[in-house]
Amino acid sequence: MKFSPPLPPAAGLTPPALESWLAERAEPAFRGRQILEWVFHHRVADWEEMTNLPRALRAALPEGFDLEPTRLVLDKTSSDVTDKLLLELRDGSLIETVLIRAPQQGVGQEQSRRTICLSTQVGCAYGCRFCASGLAGWKRDLSAGEIVAQVLEVCRLEEARSGRDPTGRVPFDNIVVMGMGEPLANYDALLAALTTINAPWGFNFGARRITVSTSGLVPQILSLAKEALQCRLAVSLHGATNEVRDQIMPINRKYPLEVLLPAVREFTRSHGRMVTLEFILIAEVNDSPEQAARLGEIAADLHAHVNLIPYNRVDGLPWERPSLERQEAFVEQVRRSRVSVTIRREKGGDISAACGQLRLKVEQDRPAPLIPSFSSFTGQG
Ligand code: SAH
Ligand code: SF4
């Protein structure tokens, strides 16, 4: 049997790539603009819907590109706030994409701020001790098209639900690259994907509304600082001293705090925007008053925002979140350094911060039915 490799995703197309494909077929270059408009602006899921293209071209395109490289296998909604999508890629790998709706005060659900959380790898090689994505290790990097396809998947879902904005405006307000994987370990694909999301021929979505989260890959933070694309940066700190960080994040042995923090400072300097320091609160690991005080000093020094995240339990891992009192004491202590601090307080747990958990559960249940009953998921909280 002849093996045919998967087609490149249409979501990974760029104007030059499309132009050379068209030129090989003696098609005029302006068809490229039309195709990109159908893909990113109209977000069609069928080549036949591209009605202003000649029939022969419509027939050739499906042999060149994959319009649907992701397949929705599970949509787990948590109390109307979070939609966690489990997507299957062409090779059978599973990734997670999350849509978070943060209701705005005094306005209805349809007015809520919507944030998409994207995955960049299948699994993760960095093995942070508390994280579901790292548990099963790294399987592969996503292509730029597979990263962008997650945005298309969410757009189609939202537009099927609540209608399409007549101007083609995207149905979300922010993108966070905080799903499965370490985005900066898949740097080129990440950058290509963000470029498409930002480009006028792509989603035309502001780079300042995109946040990339990293566990602290120093060379790539410095590269990102030099890019023209002005996205935001969040750094997963989770330990305010090397001693604590070493215990839970193996990456700290390669890039300890004295190397990481100057890189974060450089990013802030070149981008002129506050970086966010993410800090998961794990009982008896990093929730002491001393850690809070040191975190406050670091954030003050870097002019960084602190985002505290009470730990979400992961099956098979021993960690717990601290008591509410202990969380409060931690917040208060950080505030003493006069830095901006937020703490996530979603009712029913925060499934957004726990990317990787849904996939892990389904992978563990395989080869049983691909879509087990919803009740077999513990959910968060
Ligand atoms: N690899 C990148 C981005 C993906 S992880 C990074 O580490 O930043 C996204 C965020 O979710 C990170 O801050 C990560 O530490 C956090 N996270 C992972 N497991 C979690 C859990 N069980 N509870 C709360 N946050 C978690
Ligand atoms: Fe990878 Fe981030 Fe999880 Fe660490 S926290 S294992 S870097 S996904």
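**View 1. Strand 3 and its neighbours.** Let us start where 5 bridges join strand 3 to strand 4 (residues 113-117), with these two strands running antiparallel. The model you are looking at is predicted. To find your place along this pairing, look for Ala102, which stands opposite Arg113 in strand 4. Strand 3 also pairs with strand 2 (residues 82-89), again in the antiparallel sense, and here there are 7 bridges. A good landmark on that side is Asp83, which faces Leu99 of strand 3. Now follow the chain from strand 2 into strand 3: the two form a hairpin with 4 residues between them. In the turn you will meet Gly92, whose phi is positive, at about 90 degrees. How much of strand 3 (residues 94-102) is covered? Most of this strand is, since 8 of its 9 residues are buried.

**View 2. Strand 11, covered on both faces.** Here is a handy idea to keep in mind: in a regular strand the side chains alternate between the two faces of the sheet. In strand 11, one side carries His305, Asn307 and Ile309, and the other carries Val306, Leu308 and Pro310. Are these two faces buried or exposed? Both are covered, as every one of those residues is buried. Because 6 of the 6 residues of strand 11 (residues 305-310) are buried, the strand is largely enclosed by the rest of the structure. Its pairing with strand 10 is parallel and runs over 6 bridges. To spot this pairing, find Thr276 and look across to its bridge partner in strand 11, His305.

**View 3. The surroundings of ligand 1.** Which residues come nearest to ligand 1? Of the 20 residues around this ligand, they are Gly181, Ser213, Ser236, His238 and Asn312. Sorted by class, the shell holds 9 nonpolar, 9 polar and 2 charged residues. Strand 8 (210-214) and strand 10 (276-281) each supply at least two residues of this shell.

**View 4. Polar contacts of ligand 1.** Zoom in on Ser213 and you will see a polar atom of its side chain 2.7 Å from an oxygen atom of ligand 1. Asn312 takes part through its backbone, where a polar atom lies 2.9 Å from a nitrogen atom of the ligand. The side chain of Glu182 has an N or O atom 3.2 Å from a nitrogen atom of ligand 1. How much of the ligand does the protein bury? Taken alone, ligand 1 exposes 530 Å², and the protein buries 94% of that.

**View 5. The surroundings of ligand 2.** Eleven names would be a lot to learn at once, so to speak, but the cysteines are easy to pick out: Cys124, Cys128 and Cys131 are among the residues around ligand 2. Also found around this ligand are Tyr126, Phe130 and Ser215, among others. By class, the shell has 5 nonpolar, 5 polar and 1 charged residues. Gly181 and Glu182 are included in the surroundings of ligand 2, and you may remember Gly181 from the list of residues nearest to ligand 1.

**View 6. Two residues with a positive phi.** Most residues other than glycine have a negative phi, and most peptide bonds are trans. Arg43 is not a glycine, yet its phi is positive, at about 55 degrees. You will find Arg43 in the loop between helix 2 (30-41) and helix 3 (55-64). Glu284 is not a glycine either, and has a positive phi of about 65 degrees. Its loop lies between strand 10 and helix 11 (289-302). Is each of these residues buried or exposed? Arg43 has 4% relative accessibility, so this residue counts as buried. Glu284 is exposed, with a relative accessible area of 72%.

**View 7. Residues apart in sequence.** Ser143 sits in the loop between strand 6 (138-141) and helix 5 (144-162). Because its relative accessibility is 29%, Ser143 counts as partly exposed. Ser143 and Gln121 are 22 residues apart in sequence, and their C-alpha atoms are 8.6 Å apart in space. Now move to Leu260, which belongs to helix 10 (residues 257-271). Leu260 is buried, as its relative accessible area is 0%. From Leu260 to Leu237 the separation is 23 residues in sequence and 9.6 Å in space, C-alpha to C-alpha.

**View 8. A cluster of aromatic rings.** Which residues do ring pairs link into a cluster? They are Phe40, Trp201 and Phe203. The count of aromatic pairs in the model comes to 5.

Methods:
Residues are numbered from 1 along each chain as its sequence is written. Chains are lettered from A and ligands numbered from 1 in the order in which they are written. This is a predicted model: local features need pLDDT of at least 70, side-chain atom pairs count only at pLDDT 80 or more; totals for chains, interfaces and linings use all residues. Side-chain values use heavy atoms; hydrogens and water are left out. A residue is near a molecule or strand if one of its heavy atoms lies within 4 Å of it. A polar contact is a pair of N or O atoms within 3.5 Å; within protein, one must be able to donate a hydrogen and the other to accept it, and residues adjacent in sequence count only if both atoms are side-chain atoms. Accessible areas come from the Shrake-Rupley method with a 1.4 Å probe; for residues, only the protein chains shown count as cover. Ala, Val, Leu, Ile, Met, Phe, Trp, Tyr, Cys and Pro count as nonpolar, Asp, Glu, Lys and Arg as charged, and the others, Gly among them, as polar. Buried means under 20% relative accessible area, exposed over 50%, partly exposed in between (1.4 Å probe, protein chains only). Two strands pair if DSSP finds at least two bridges between them. Rings of Phe, Tyr and Trp (its six-membered ring) pair if their centres lie within 6.5 Å; planes under 30 degrees apart count as stacked, over 60 as edge-to-face and the rest as tilted.
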